[in-house]
Amino acid sequence: IEELFRVLGDQWNIPEISVKKDFFNNANFIAAYASLIKEHLKDKKMDVLIFSFHGLPERHIDKSTCRSVCSRSESCPKLDQLNNYCYRAQCYETSRLIAKDLHLSSSDYVVSFQSRLGKTPWIKPYTDMVLEELRQKKVEDIAVVCPSFVSDCLETLEEINIRARTQWLELGGHDFVFIPCLNTHPTWVEGLVKMIKSQAFED
C-alpha cells in the first residue's frame, strides 16, 4: 500500500483508490474456510483442530494501539473498539467464527502462531510448542489449517505439512491432517468477487 501511494504521488492524474482494510471476519471468507475444512475432515475424527496463523513480532500489537486487557498468552478478548486493529485479536475472531460455523466447542480447537524469526518476542502461543503441549495431554489425532493464508506457500506446505507433521509424528502423535489454503476454492473465489465489487466505484 505504501509503495502504491508512493508511485501515485509522482502522477499528475490520480485515479480513485479504494483500499480493502481487512477481511478476517468477512462472511464469505469464513464460509469458504469452514466449507474447506468440512471437505477435508468429512470422514475423519480429529481430537483437535489447530488454527495456525502467521506470527508477527509482539511490537506490532503495540503499534496497533491495542488497549484490551490481554495476557498475550491466552485467548484474546472478543473484538471491540479497544482491539479492533489488533492482529492477534483478529486471528482469534476468525477462529471463533469458523469454529461456530463448524459447530465446534472451545475444547475442540486451539489457536497458535507460526513462522517466528530471531530473538525478538513474537505473538504466542507458538505452533511448535502447542504440538508438544497437545502430546503431553495425550492428544493423538490433529488437523491443522492456516487461515491467515489464502494461498499455499512455503509457510504452509513446508513449515506445516512437512516440518510440523514430522514433529508431530516424532512426538508420538498418530494422525496429522493438513488442510490446504483456500487457493481456488469456488466459495472463496465467489466471495472475493463480492468483496471487490463492494469496493468498486460507480461510473
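The exercises below, each with a worked solution, concern the predicted model of a protein chain.

**Exercise 1. Fold outline and overall dimensions**

Work out how many helices and strands the protein chain has, in what pattern they follow one another, and how the radius of gyration relates to that of a compact globule.

Solution. Begin with the count of elements, which gives eight helices and four strands in the protein chain. Reading these along the sequence then yields the pattern α-α-β-α-α-β-α-β-α-α-β-α. Turning to dimensions, a compact globule of 203 residues would have a radius of gyration near 17 Å, and the 18 Å of the protein chain agrees with this. The C-alpha trace, taken along its principal axes, spans about 65 × 40 × 30 Å. As a last step, consider the contacts with a separation of 6 or more, of which 70% join residues that are 24 or more positions apart.

**Exercise 2. Surface and charge**

Determine what share of the residues is buried, what the accessible surface comes to, and how far apart the mean positions of the positive and negative charges are.

Solution. Of the 203 residues in the protein chain, 40% are buried. The accessible surface comes to about 12200 Å², and carbon and sulfur atoms hold 54% of that area. For the charges, take the 25 positive and the 29 negative ones as two groups, whose mean positions turn out to be 4 Å apart.

**Exercise 3. Cysteines**

Establish how many disulfides the whole structure has, and explain why Cys146 is not bonded to Cys181.

Solution. A search of the whole structure gives zero disulfides. Cys91 accordingly takes part in none, and the cysteine sulfur nearest to its own, that of Cys86, is 8.4 Å away. Cys91 counts as buried because its relative accessibility is 3%, where the cut-off is under 20%. For Cys146, the closest cysteine sulfur is that of Cys181 at 5.7 Å, which is too far for a bond because a disulfide requires the two sulfur atoms to be within 2.5 Å. Cys146 is also buried, with a relative accessible area of 1%.

**Exercise 4. The surroundings of Tyr85**

Locate Tyr85 among the helices, decide whether it is buried or exposed, and list its contacts beyond its sequence neighbours.

Solution. Tyr85 sits in the loop that runs between helix 3 (59–63) and helix 4 (87–101). Its relative accessible area is 54%, and since exposed means over 50%, Tyr85 is exposed. Once neighbours within four places in sequence are left aside, Tyr85 is in contact with Lys21, Ser64 and Gln90. Finally, Tyr85 and Leu117 are separated by 32 residues in sequence and, from C-alpha to C-alpha, by 23 Å in space.

Methods: Residues numbered from 1 in each chain as written. Predicted model: local features only at pLDDT ≥ 70, side-chain atom pairs only at ≥ 80, totals over all residues. Heavy atoms only, no water. Helix = DSSP H or I, 4+ residues; strand = E, 2+ residues; numbered from the N terminus. Rg over C-alpha atoms; globule rule 2.2 N^0.38 Å. Buried < 20%, exposed > 50% of the residue type's maximum accessible area, 1.4 Å probe, protein only. Contact = heavy atoms within 4.5 Å. Areas by Shrake-Rupley, 256 points an atom, 1.4 Å probe, with all protein chains shown as cover. Lys, Arg positive; Asp, Glu negative; His and termini not counted. Charge placed at Lys NZ, Arg CZ, Asp CG, Glu CD.
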